[in-house]
Amino acid sequence: MSMLFQSIQSVLVIILIIALGYVLQQRRWFGEEFPKNISRLITDIALPASIFSSVLKYLSRSELLSLGSSLIYPMGGVAIAYIVAIVLAKVLKVRPGRRGTFINTIANANTIFIGLPLNIALFGENSMPYFLVYYVTNTVSTWVVGIFFIKADDPTKTSNSKTQHLNIKQILPAPLIGFFVAILFLIVGIPIPSFIDQTFTYVGNIVTPLALLYIGIMLFNSKLSSIRFDRDTIVALLGRFILSPLAIIGLLLLGGHLGHGLSVGLKETLIVQSATPALAILPVLAASSHGDTQYATNVVTTSTLLFVFIIPIIMFIMPYIIH
């Protein structure tokens, strides 16, 4: 019960900061370019700095090897989600322009703007190495697999259309580069001057509040009155909040049965991350391929609102799953 109470308190903190962003945007405190600028600041500067400093602070070489073997769980969970999502898209005859968004909603999570602050609020900064296990899997999944479902779902695409190639920034976004550079420093044992470490730590500390303010701003811009719960949205949400966590939980239970010992913190993080909302960038990706941006915005908005109720439920049942 104490874990449930803690999770509710942590979620309330997140809700209040999101609400602050919503109210400030409602009162027109921010210019039109502010959401775009804050998103860029988080993804290109603050998050890479946070990940870099966290890897060197919380990981050792031996722990790195141990966590590396744990990648099989989020990778397996995402693979299961993709397979089920593809089958559901065909069975339900999800129309072109929505299919890519539908599949990505079920398979990929909003690890940056929701997953990271949520994990820190629930489990503290010591959970960062565990978060990185899911983050790496989710990022690679999004930009190596998920993006191709979006591109292939372009309703205007013909057999004569030119193939759009991804650039290096899409395949290797700044946060992932920050992670790989930190791993290199960790393996080689390169010392970091204290003033550089403190700078990265201070800059990284702005990720959580800015990310939550950003969500509040985007919720206001999405116009909550336009929310719709049609069939495709409901099924996608069930996939995001039920199928994805169940896939991870099933794999973790199987691993435990086979004698693969994992820390409680890692199990908690993987389960929580698997239940975070849909990718915030889905409407942008859908628009880039002439997809149904209204549907993409709807699943992002509804999943972001519903996660407030989903996380306490997951935290309540967590002790019965992992102990």
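A residue counts as exposed when its relative accessible area is over 50%, and with that cut-off in hand the tour of this predicted model can start at lysine 93.

Select lysine 93 in the loop between helix H4 (72–91) and helix H5 (99–107); its relative accessibility is 68%, so this residue counts as exposed. Its backbone deserves a look as well, since lysine 93 has a positive phi of about 55° without being a glycine. Most residues other than glycine have a negative phi.

Move next to histidine 290, in the loop between helix H14 (282–288) and H15, where a non-glycine residue again has a positive phi, of about 55°. At 47% relative accessibility, histidine 290 counts as partly exposed.

From there, turn to the largest nonpolar core, which has 87 residues, Val55 and Phe102 being those with the most contacts inside it. Colour helix H15 (residues 293–322), which gives the most to this core, with 11 residues. Then select Phe102 and show its surroundings: beyond four places in sequence, phenylalanine 102 touches Ala85, Leu88, Ala89, Leu92, Val94, Asp232, Val235, Ala236 and Tyr295.

Threonine 233, in helix H12 (residues 231–257), is the next stop; because its relative accessibility is 0%, it counts as buried. Its side chain makes a polar contact with the side chain of asparagine 298, at 3.1 Å, and among the residues more than four places away that threonine 233 contacts are Arg228, Tyr295, Val299 and Thr302.

Finish at helix H13 (residues 264–274), where nine of the 11 residues are buried, including Lys267, Glu268 and Gln273.

Note on methods. Residues numbered from 1 in each chain as written. Predicted model: local features only at pLDDT ≥ 70, side-chain atom pairs only at ≥ 80, totals over all residues. Heavy atoms only, no water. Core = buried A, V, L, I, M, F, W, Y, C linked by side-chain atoms within 4.5 Å. Buried < 20%, exposed > 50% of the residue type's maximum accessible area, 1.4 Å probe, protein only. Helix = DSSP H or I, 4+ residues; strand = E, 2+ residues; numbered from the N terminus. Contact = heavy atoms within 4.5 Å. Polar contact = N/O pair within 3.5 Å; in protein donor to acceptor, adjacent residues only side chain to side chain.
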